[in-house]
Structure formats: C-alpha cells, structure tokens
Amino acid sequence: PMSLAQKLEAISAGGRERIPQEWQAVMADSLKELRASDIMDGVIKVGDKLPAFTLKNDDGSDVISQALLADGPLVLTVFRGHW
C-alpha cells in the first residue's frame, strides 16, 4: 500500500498536471505571502494535542475524535473553500 507521503505527492502531481501554469503561479505567490505574514505561527502543527471534538462529515453524520483515536493516531486535514 502507498504511504501517506506517497498519496499526498500523487495528489500534488495530479494538481500540477490539471491546474494551468498561471493559476499555479498565483497559488505559489499567495503561499509565499501567507508564510511571510507569520500566520503559520498560529496553525495546528504535527504532534499538537487537540481537545476532543465532534464534526459533521460530508453526509451530515457526526465524526467523534475520541472514537477515531481509539483505533490509533489521528490525521486531521483542514480544507479551505468549497469543492
């Protein structure tokens, strides 16, 4: 099976193929601006301990962090915007 790093690289590679170069340039510039703004100082980092939470998934069902943690480590991904 593919590792998480391999899966993320595959997603990135797919984006590089599908997203027009001019859009990629805008996205790269925006990322540079965000990093230069020190915004990264306040974001969740690998290894941070989070409080227990319950969130809705895409079908409206509750996802409870404690239930997920009972099965092992939890990877949290936050997406901005809409799909």
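The exercises below work through a predicted model of one chain, each with a solution in steps. Residues are numbered from 1 along the chain as its sequence is written, side-chain values use heavy atoms, and hydrogens and water are left out. Local features need pLDDT of at least 70 and side-chain atom pairs count only at pLDDT 80 or more, while totals for chains, interfaces and linings use all residues.

**Exercise 1. Fold pattern**

Task: State how many helices and strands the chain has, and the pattern they follow.

Solution.
- Step 1. Helices are DSSP runs of H or I with at least four residues, strands are runs of E with at least two, and both are numbered from the N terminus.
- Step 2. On that basis the chain holds 3 helices and 2 strands.
- Step 3. Along the sequence they come in the pattern α-α-β-β-α.

**Exercise 2. Overall dimensions**

Task: Set the radius of gyration of the chain against that of a compact globule of 83 residues.

Solution.
- Step 1. The radius is taken over C-alpha atoms, and the globule rule is 2.2 Å times the number of residues to the power 0.38.
- Step 2. For 83 residues a compact globule would come out near 12 Å, but the chain has 16 Å.
- Step 3. The C-alpha trace spans about 45 × 35 × 25 Å along its principal axes.

**Exercise 3. Burial and surface**

Task: Find what percentage of the residues count as buried, and what the exposed surface consists of.

Solution.
- Step 1. Buried means under 20% relative accessible area, exposed means over 50%, and partly exposed lies in between (1.4 Å probe, protein chains only).
- Step 2. Of the 83 residues, 4% count as buried.
- Step 3. Accessible areas come from the Shrake-Rupley method with a 1.4 Å probe; for residues, only the protein chains shown count as cover.
- Step 4. The chain exposes about 7800 Å², of which carbon and sulfur atoms supply 61%.

**Exercise 4. A nonpolar patch**

Task: Name the residues of the nonpolar surface patch and place L8.

Solution.
- Step 1. Patches consist of residues with over 30% relative accessible area and no salt bridge; like charges are joined within 9 Å, and nonpolar side chains (Val, Leu, Ile, Met, Phe, Trp, Tyr) within 5 Å.
- Step 2. L4, L8, I11 and V75 make a patch of about 410 Å².
- Step 3. L8 belongs to helix α1, residues 4-18.
- Step 4. L8 counts as partly exposed because its relative accessibility is 48%.

**Exercise 5. Salt bridges**

Task: Count the salt bridges and describe the residues that form them.

Solution.
- Step 1. Side chains of opposite charge can pair when their charged atoms come close.
- Step 2. A salt bridge here is a side-chain nitrogen of Lys or Arg within 4 Å of a carboxyl oxygen of Asp or Glu.
- Step 3. This rule gives 2 salt bridges.
- Step 4. One joins E9 and R16, with the closest N and O atoms 2.6 Å apart. E9 is partly exposed at 43% relative accessibility, and R16 is partly exposed at 44%.
- Step 5. Another joins D62 and K56 at 2.8 Å, N to O. D62 is partly exposed, with a relative accessible area of 46%, whereas K56 is exposed at 58%.
- Step 6. K56 sits in strand β1. K56 and K32 are 24 residues apart in sequence and 32 Å apart in space, C-alpha to C-alpha.

**Exercise 6. After helix α3, and one loop**

Task: Locate P73, L76 and D38.

Solution.
- Step 1. P73 is in the segment after α3 (65-69) and is exposed, with a relative accessible area of 83%.
- Step 2. P73 and V26 are 47 residues apart in sequence, and their C-alpha atoms are 35 Å apart.
- Step 3. L76 also lies in the segment after α3 and is partly exposed at 39%.
- Step 4. L76 and S65 are 11 residues apart along the chain, with 9.7 Å between their C-alpha atoms.
- Step 5. D38 is in the loop between α2 (21-36) and β1 (54-56). The phi of D38 is near 70°, a positive value in a residue other than glycine.
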